[in-house]
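Subject: Structure handover and notes

Hello,

Here is the structure we spoke about. Please load it first, then read the notes underneath.

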Amino acid sequence: MDLGIEGRRALVCAASKGLGRGCAQALAAAGCEVTIVARTEETLRATAQAIRAATGHDVRHVACDITTPEGRAEALAACPQPDILVNNAGGPPPGDFRDWDRDAWIRALDANMLTPIELIKATVDPMIERGFGRIVNITSGAVKAPIDILGLSNGARSGLTGFVAGVARQVARHNVTINNLLPGPFDTDRLRATAVGAAKAAGKTVDELLAVRRDANPAGRFGTIDEFGATCAFLCSIHAGFIVGQNLLLDGGAYPGTF
């Protein structure tokens, strides 16, 4: 399928690995002019080179902290007025809410709620003027089914979800869409990191715990970054203009609800 976004400028955050990388590669394969952002220069450069080799399209990279005003300014200077924005940031650490002070909550809100809002604010009006825009926020399946040890993430990402629900309806008539992708268990470094504490508590190795979780998923496996990226690219395509303010869950069927 021709996604109809060849030549569109795309800014993808936290894209040196994991889900962000999958999105960046899929958008590059669709012909977008992709700029990827992450903190670590070496990893980011290697990812840009790998995507370039895989797709034949040039990929710019900017090593910066997207959760800071300075980092956002650097990213937008490298990719001014993007047509496509993929918001993503590493999730806050797991733990017990009794141990989190105000600073821990502010860090979580800054990374997973306020940073996406600031980037939407900086890019949405030019998208409206051009008559095309696609904004995808990578949140979490925990927005629908909270995970007790990820309270910081549950709270911050749910706040973003509420904000998007309102603003998406304001801009849709201008062919600007804002949607959220809610990943469940994908085969990423984040999955393994969050499994460490649970494995220790269960008296298992991380690999043993992950095997149990993999087998328990209705799909019998974890998701791949390639299929996540393909879903993101479709939401950014010309074919997805009637998908507005939605929370698309990608979890292999793990969420047991009807709605």
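Start with Phe186, which sits in the loop between E6 and helix H6 (189–202). One caution before going on: this is a predicted model.

**Phe186**

Is Phe186 buried or exposed? Its relative accessibility is 6%, so Phe186 counts as buried, the cut-off being under 20%. Leaving out residues up to four places away in sequence, Phe186 touches Leu19, Leu191, Phe222, Gly223, Thr224, Ile225, Glu227, Phe228 and Leu250. His239 is not on that list. The two residues are 53 apart along the chain, and 26 Å separates their C-alpha atoms.

**The sheet**

Next, the sheet. It is open and has 7 strands. Their order is E3-E2-E1-E4-E5-E6-E7, and the pairing is parallel. Which strands form the edges? They are E3 (59–63) and E7 (247–250), each of which pairs on one side only. Direction ignored, neighbouring strands are turned against each other by 15° on average.

Two pairs can be given in detail. E1 and E2 run parallel and are joined by 4 bridges. Leu11 stands opposite Thr35 in E2. E5 (residues 133–138) and E6 (residues 176–183) also pair in the parallel sense, over 6 bridges. There, Arg134 has Thr177 in E6 as its bridge partner.

How enclosed is E2? Of its 6 residues, 5 are buried, so E2 is largely enclosed by the rest of the structure.

**Asn137**

Asn137 belongs to strand E5. Its relative accessibility is 0%, so Asn137 counts as buried. What does its side chain meet? A polar contact of 2.9 Å links it to the side chain of Asn87. Asn87 is also on the contact list of Asn137, which leaves aside neighbours within four places in sequence. The other entries are Pro116, Ile120, Leu160, Val164, Ile178, Asn179, Asn180 and Leu181.

**Helices on the sheet**

Two helices lie across strands. H3 (residues 69–78) lies across E1 (9–12), E2 (33–38) and E3. H3 runs at about 160° to E3. H4 (residues 102–130) lies across E1, E4 (84–87), E5 and E6. Relative to E4, H4 runs at about 165°.

**H1 against H2**

Two packed helices are described by the angle between their axes and the distance between the axes. For H1 (residues 18–29) and H2 (residues 41–55), the angle is about 35° and the axes are 9 Å apart. What is the handedness of the crossing? The crossing of H1 and H2 is right-handed.

On the H1 side, the contact is made by Arg21, Ala24, Gln25, Ala28 and Ala29. They meet Thr47, Ala50, Ile51, Ala54 and Thr55 in H2. By class, the residues of this contact are 6 nonpolar, 3 polar and 1 charged.

**Ile5**

Ile5 comes in the segment before E1. With a relative accessible area of 0%, Ile5 is buried. Its contacts, leaving aside neighbours within four places in sequence, fall at several points along the chain. Among them are Leu27, Ala30, Gly31 and Cys32. Ile84 and Phe132 are also in contact with Ile5. So are Ala233, Cys236, Ser237 and Ile238. Thr194 is 189 residues from Ile5 in sequence and 35 Å from it in space, C-alpha to C-alpha.

**Two backbone points to check**

Two residues have positive phi without being glycine. For Ala14, phi is about 50°. Ala14 is found in the loop between E1 and H1. Its relative accessible area is 24%, so Ala14 is partly exposed.

For Gln81, phi is near 50°. Gln81 is placed in the loop between H3 and E4. At 46% relative accessibility, Gln81 counts as partly exposed.

Regards

Notes: Residues numbered from 1 in each chain as written. Predicted model: local features only at pLDDT ≥ 70, side-chain atom pairs only at ≥ 80, totals over all residues. Heavy atoms only, no water. Axes fitted to C-alpha atoms, helices over the stretch in contact; angles between N-to-C directions. Left-handed = near helix turned anticlockwise from the far one by under 90°. Contact = heavy atoms within 4.5 Å. Nonpolar A, V, L, I, M, F, W, Y, C, P; charged D, E, K, R; others polar. Pairing = 2+ DSSP bridges. Buried < 20%, exposed > 50% of the residue type's maximum accessible area, 1.4 Å probe, protein only. Polar contact = N/O pair within 3.5 Å; in protein donor to acceptor, adjacent residues only side chain to side chain.
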